Every structure is written in C-alpha cells, then in structure tokens.
Amino acid sequence: MFSYDLGAAAAAPSFTCNTSSSAARSRAALLALLLTSAGTPALAQVATETPPIQLASLETSAEDAEAKPELEEIVVTATKRTTDLQETPIAITVIGEEMMRDRHAQSLLDLSDAIPSLRVATFESRQSALTVGIRGIVPFDANQTARDQGVGVYIDGIYLGRQQGLNSALFDIERVEVLRGPQGTLFGRNTEGGALNIVTKAPTGEFGGRVVAGVGNFGSYNGELHLDLPAFANLAVKADGLVQHQGPTTKNPLTGQQGWNAYHRVGGRIAARWTPIAGFTADLSYDKAKDENTPFYSQLLSYNPNGFNVGTYGGATGATLRFNNANCNVVVAGTLTNPCIAPLAPLVVVSGDERQKVAEIGVPQQASVDRSQGFTASLRYEVSDNLELRSISGWRKVSAHQFDNSGGAHRNTFVPNANFSRYSLSELRQDQWSQEFQAVGSLPSLDYVLGLYYFTEDARETAATPTTNRWNATGTGYTINSADVMPPISSANQGWQREDWFVARDSHATAKSYAAFGQATYTPPSFDALHITAGARYTKDKRDGALTMFNNTIVNFPFRYREDRIDPMLTLAFEASRDVNLYAKYATGFRAGGANSRSQTFTAFGPESVKSYEIGAKTEFFDMVRFNVAAYMMRRKATQTDFDFVDVRRTLDNGLPNPNFNRHYEETANAPGTSKINGLEADLTVRATDDLQLSASYAYTDINVPPTANPFLPGSPLFQVYTVFTPKHAASGAIDYEVPVSIGDAALRLHFDANYAGRQYSFQSEPVKTDSSFIVNGRLALTDIAMNDGDAKLQVALWARNLFNEAHIYRRSAANSSPVIDSITGIPSYSGVLGDYGNFNAPRTFGVEASIRF
C-alpha cells in the first residue's frame, strides 16, 4: 500500500492507493485530490513527518505576498517563425520536456492518451508501426509501400514518410508541437488532419549534460547520456545516447521464444552547430536507432457469441465435422445444409475481459527489428534584420523486419492434426530525401514566408504468412512446425526462415513530390489589432510502382499516380484585448493517392482532400489562467476507405482445403460523397499558486463517412464504414505540485494525470467498438539536490504508468464470429467461425529513476 498524507489539519485531504481495493475507490481518491488541492493550504505540508527531509519555511515577506503566480510563456514554430503560443492563430498543443518526463513517455506510443484530439495506436497489434491521427483523420492501414498517413510527423523539419520506425526512442526532445487541423500550406502533403512537429535540443556551446538511469517492473531498465561540449572555433557539439528495455507483459510458454509487448531500444545522435560568421548558423545532425519489439498479445474474447450449432469431429478420419448425426456444412443444389461450427480445442482459453499474463499455447515469436537512421542539415543566414534565408536538407532510411505471431489459436478454428497460428512476416526498406528552401522576412505591416520543397522516396516490401503450430487429433496438445522446410514450397508447406517463405506479396513504389508555397500576414497600420493571413501551396505528386509477386508467383501489376493541386489558407485574427485573441480560419489539405499492396492487383486509388472551417479563442486571465478553445467543421471528399479480409476458412464450398487459408487481402476505395467531421477542443491551464498548476483538456469529435461499395462484395448494397481510433469524447487532466525542502535548493514535486477516452472503432469495416478507457499516470520526484558544491543537481523519482492497472480492449474484431459469404455463390462458410478477438492495453508499469544534471 502507498499512502500520501497531505497534512494533519482537519481540512487536509489524504490520498491512499491500495492495490487490493477497487479501481473505483482509487479513482475517487485521485479525483478528490485533483478537486481539493487547488485551495488546500495543507498541501504545503506534504511529508512533514517524513525524516530526514523537512519542508522549508513557507513564511513570506509582504513583497512576496504581493507577487502573483504566472503562467510560463510557450514558444512554437508552427508558422516557420518563433511565436508565442497565445498569439499564434492555430490550434496547437505543446508537449514539453517536463510533460514527457512526468508521463515517463519514451516513445510516440506513450503519448497515445496525452492529448485528447491526438490518437496514436499500433497498426494491427504491432509496436513496429504506428497509426497517428488528429481530428478524426486516422488511416486504418498505411503500413505499406505506396500509402501515406493523414497526419505528418516531422523531426527538426524533416518529414518522416513511413509508419515503420515511428516508435523508435526519442532523442532529448525539447518539445513536440501538435498542430491540429489541415496544415496544407506550410507543411504540405499528408497533413490534412494536422502535424506532429518534434523539435530536438540543439547544442549550447557550453559544457554540461545529463545522465539518467532507471529500473522498473517487467525487467525494465533505461539509461541516457546527453553531453554538451564547449564550443571551439565557433563549433558546438552535442552527443546523445540511450537504451530502453522492457520484458514481456504476456509470457510465451514456448522455451527460447519472446513474449509479447516487450521492447529493447538503443540509439545515438550527434549534433553540431557551426557559426563561422555573424548571422550564419549551420545545424548538422546524424542519428541512428534500433528498436526490437514484439506485438501486443491477441486474445480470444468470446467463443460462438452468435449461438451457432457446434459440431463434433468424427468419421473415418476423425476430421469430419458432424452435427445431429450428419455431416455439417454440405452444399446441396447450391444451398448449405446442416450448418455448424468447429468445437473449441480444450487447450484454448476464452479470456473475456481479463488480460492474460501467460499465453496458454506457446508459439515461435521473434522480435521485430526496426532500424532507422538519418542526416539533417539546416542552414540559416540572416541577410538583414528583416530577412532570413534557410535551407533544410534531410536523408533518412528505414528497414523493418516484422515478426507477428500474436494470435496463436485465437484466430483459427480447431481441426484435428491441422496447422494453426498465423506468423505475419514482412521485410520493408525505405530511403527518402527531402530539400526545402525558405525565405522568412518582414516588411512594414507584413510578415511573410516563401518556400520551395522537394521530396522523393523509394520503398520495397516482401511478406509471407506461414503457420507455425500443428494440433494433435484431440486438441489437447500441439507440435511446432519446422522453420525450414523441404521443397517444393507451397502455402501449406512453408517455413519462416527467409529462404523458405511462400511469398504472399512483393511490391515496390517510388514517390516524388514538388511544391512551392507562400504565406503572408498583414497588419493594417491604422488597426493593429487585426491580422490577416493568406497563403497557398502548389503541389505536384508522382508515384509509380508495381506488385511483382503474388501467392509466390511472379506477376506484374503496375500502377501510376499523378496529381497536382493548390491548397489555400485564410485566417483572420483579432486581438480583442491584451490577453484575448480571436481567430477564424479556412484551410485545406490532402492525403496523397497510391495503391494497396495487399490487393491482388495493386489496385490504385486517388487522393482524399479536406476543407476545414475553424473558429477559436486564445485567452489568459490575471496571468494565472489560460483557456484556449476551438470549434471546427471539416468536409472531406474521396475518403480513402479500406476493406480488409483475412481468409480464415479452413475449407471451400466444395469441401476441399482452402489454399488461401490465413491469407490477408485488402482493397482501398475512395468513398463517394462527402465525409463530415465536426469537433470542439478546449484546453485549460490554471497556475493556482507558485507551487500548484492544474490543467485539463477535452475533445469532442463527430464523424460520418458515407456508405461505400465493398470491393469484396460486388453488386451488394453500399456498405457503412467507420473511422478508427477516434472516440467521440476524450479528456485529460493533470495536477503538478512542487514545494521546497530544506536541502539547499531541492524541491519535492508531485504529478498526476488522468486520461479518458470513450468507446471507438478499431476496424473500418466493422461496427464493433472497443472499451472506453481511464488511465492514470503518476510521478513523485525529489529534484535539484545539490552535488559537488552545487555544480551538479540530482533528481530521484518514482513513476507509474497506468497506476490503477486499468484493463481495456483497445482493438477488437468480430470478423471471426460470423460466417463468410461467398461473393459469387452467396453461400455462407462456417469453417472459420470462432469468436471475437482483441488486444488489451499495457498493464501497470512502475519504477525508480535517477538523473544528474551537470
């Protein structure tokens, strides 16, 4: 039990966390703390009875008493120039270094619940590729060679073209700017939902740094070294290195194999800043990272939820499915007779709403390995006080080796002596280069940005789906198939060593994009409270590629995509007072077209585009309260809609084995008509005292996508589709409290954040929703402990993610709970019917961390 006594006064609240008590009681205690702390003087007496640390005297002079607590200024670069957050007419949330540390956020996936309108999720259940969405612009599957996301992710101005590698460790981040709404003018293609602008710390030119080390449950440990060297000959250098490790949260009983939700990340970065002459700055950096990870475990949530007849195996071979003393699923004159489903193997566990700690069946599971590296050169030259020229060059490379065997027997029906457990394998390689030129300047009453942009990438992928396990005759045991097989290779005879793959698909694509853009803000001299911003971007996209192998057969299905367009933007901003800024904005954006490599023919699709209408207010009161609100309406045309189908049928209508068993097919179609997205966002920060800050955020998102023709069911009525990982309601709140202690300049710092997300869809073609979630994170730190005569400062912290060990299903599918209807004959197939499967969020993690800043 962890107890936190907030003072002996009668009015003082107390907070107690007992892991044996109910989650509701724990949450109520936390909410009581959040609600009462702002006005509770007893908070200034935290831990007064805990020797040897004593709180410093809180007596204040008259001068101190008159001083008001103030909010910190937040600086952003969303407009390609440094501006104050409150004076920037864009809906922005900034995740700073302190917020990252408070949440123990080590990668982008750890920010999945930090900002209500930002959604970060795994693709499938894999940590090796992330789905990033803002304001309901969330792709279902951009994990391919010729597809893009609708939210751009940038590191120091360089766009990252693939989902793979996004979950690598983050290097000494200064801030992450979450730009909400289309950013088609200044950021360009694939930012119709917004952009994540990650800014790393630059070299300071002064000797200093930080060392971090920590340990936690599930065998986790982390270490960081950040070192700034003294400038020499106008050259400043900074080096960063880190390691992050966590063992599996769901164990694999197969000896020598990895469990699930494990990771091991290592990386390094070196940056240099050269200032040879006044006004010229060259920032150069190179980074390299390796991320070894395993997916989240896929559990069987229900068995036969629709109550179909359950057969038994018998007959001469013992593998004939029978019900009511007759063979099941026999087609007579085009009609299915005596339908039934397979029984559940005795070994298989139906977990329901319980997160599994140990899998009941062991399977081969290697760690996926993502390697990323890149070089960035950013040059800036101040021609005059009113003009700066910039060049931003970037090269990046990603390689991803995917190993996903998270389903086990939870996605395949039981058949005596048959194979099961689909091992999803993929090798993807991508290279990209980008070049951007900017001119950022000012004229009387006018600020402007002009730019040119070029981007090119080449991506290649090969994939296979062998099955790794084999049932015995009764479902009471199993064996492991061989990773090496003897030729001939076939769908039923393949291994998971690379040379033994039955290649499901092999594709490549090359993309090139050219752009020219400009944006200007005019402030009338006679009415300087008004600011009129207008801009436009011209983009020309080219993409070519081909599917060169399908079902281990050489094919040639090429595709060609060409598109050019102009994205305008207009903003009216009005300073109603010194602390009240109002704005109205019209903006557009688009997501590039491409082709779906999971399609049998590499079917191409067109771009989708969005028009956004937004009004907002950015306000501050008494320098203590900051309240920002935005309401928007977006209209999206040609929505890229995915229809996917994993063929889990054991047999075909004729009773023969299905040669495409466990094969994943997918088609993408541009939805007709207009998708409607409406929303409201609000952010509140209250600096109640110098020691106490409260914050809260809320996002409401309502989406309607028009029905779309399902490519797998030609001629059928239009099909309703859904937007994934976008709850209608999401909210977060945080409390940060800091008090000095009597050890020099040391302070005791307490942080809690609570995050709620409503139920949401996780598959575009399924009307099935996930659970709602309520996640609480916390951190208690003793900071600024002087060392070595004050030249260094020590910080020691206890941290916890998902403090109350809340469990929710974040990804759920009912595709295997109903029969598959043959698109030609209309005959249903019950051979793949099993039940719902899904993935749970990570359990509670906690640890201790120490850092020394020098």
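**Warm-up.** Between which two strands does the loop with Pro-488 lie?

*Solution.* Pro-488 sits in the loop between strand 29 (478-480) and strand 30 (503-522). Strands here are DSSP runs of E with at least two residues, and helices are runs of H or I with at least four, both numbered from the N terminus. Now look at the backbone: the peptide bond from Pro-487 to Pro-488 is cis, with omega near 5 degrees.

A word on the model before you go on. It is predicted, so local features need pLDDT of at least 70 and side-chain atom pairs count only at pLDDT 80 or more, while totals for chains, interfaces and linings use all residues. Residues are numbered from 1 along each chain as its sequence is written, and side-chain values use heavy atoms, with hydrogens and water left out.

**Exercise 1.** Find the salt-bridge partner of Arg-180 and work out where the two residues lie.

*Solution.*
- Step 1: A salt bridge is a side-chain nitrogen of Lys or Arg within 4 Å of a carboxyl oxygen of Asp or Glu. The structure holds 55 of them.
- Step 2: The side chain of Arg-180 meets that of Asp-683, at 3.4 Å from N to O.
- Step 3: Arg-180 belongs to strand 10 (residues 173-180) and Asp-683 to strand 40 (residues 674-687), so this pair links distant parts of the chain, 503 residues apart.
- Step 4: Buried means under 20% relative accessible area, exposed over 50%, and partly exposed in between (1.4 Å probe, protein chains only). Arg-180 has 5%, so it is buried; Asp-683 has 16%, so it is buried.

**Exercise 2.** Describe the salt bridge between Asp-240 and Arg-269, then place the pair in its network.

*Solution.*
- Step 1: The closest N and O atoms of Asp-240 and Arg-269 are 4.0 Å apart.
- Step 2: Asp-240 is in strand 14 (residues 235-246) and Arg-269 in strand 15 (residues 263-274), so the bridge ties together parts 29 residues apart in sequence.
- Step 3: Asp-240 is buried at 7% relative accessibility, and Arg-269 is buried at 9%.
- Step 4: Both residues belong to a network of salt bridges whose members include Glu-97, Arg-101, Lys-238 and Arg-853.

**Exercise 3.** Is Ser-421 buried or exposed, and which residues does Ser-421 touch?

*Solution.*
- Step 1: Locate Ser-421 in strand 25 (residues 419-422).
- Step 2: Its relative accessibility is 0%, so Ser-421 counts as buried.
- Step 3: Contact means heavy atoms within 4.5 Å. Leaving aside residues up to four places away in sequence, Ser-421 touches, among others, Val-363, Asn-405, Pro-466 and Asn-469.
- Step 4: Ser-421 and Asn-469 are 48 residues apart in sequence, yet their C-alpha atoms are 6.0 Å apart.

**Exercise 4.** Which residue has a positive phi of about 55 degrees in the loop between strand 12 and strand 13 (221-228)?

*Solution.*
- Step 1: Phe-218 lies in that loop.
- Step 2: Phe-218 has the positive phi of about 55 degrees, although it is not a glycine.
- Step 3: With a relative accessible area of 29%, Phe-218 is partly exposed.
- Step 4: For practice, turn to Asn-805, which also is not a glycine and has a positive phi of about 55 degrees. Asn-805 sits in the loop between strand 45 (792-801) and strand 46 (809-813), and at 33% relative accessibility it counts as partly exposed.
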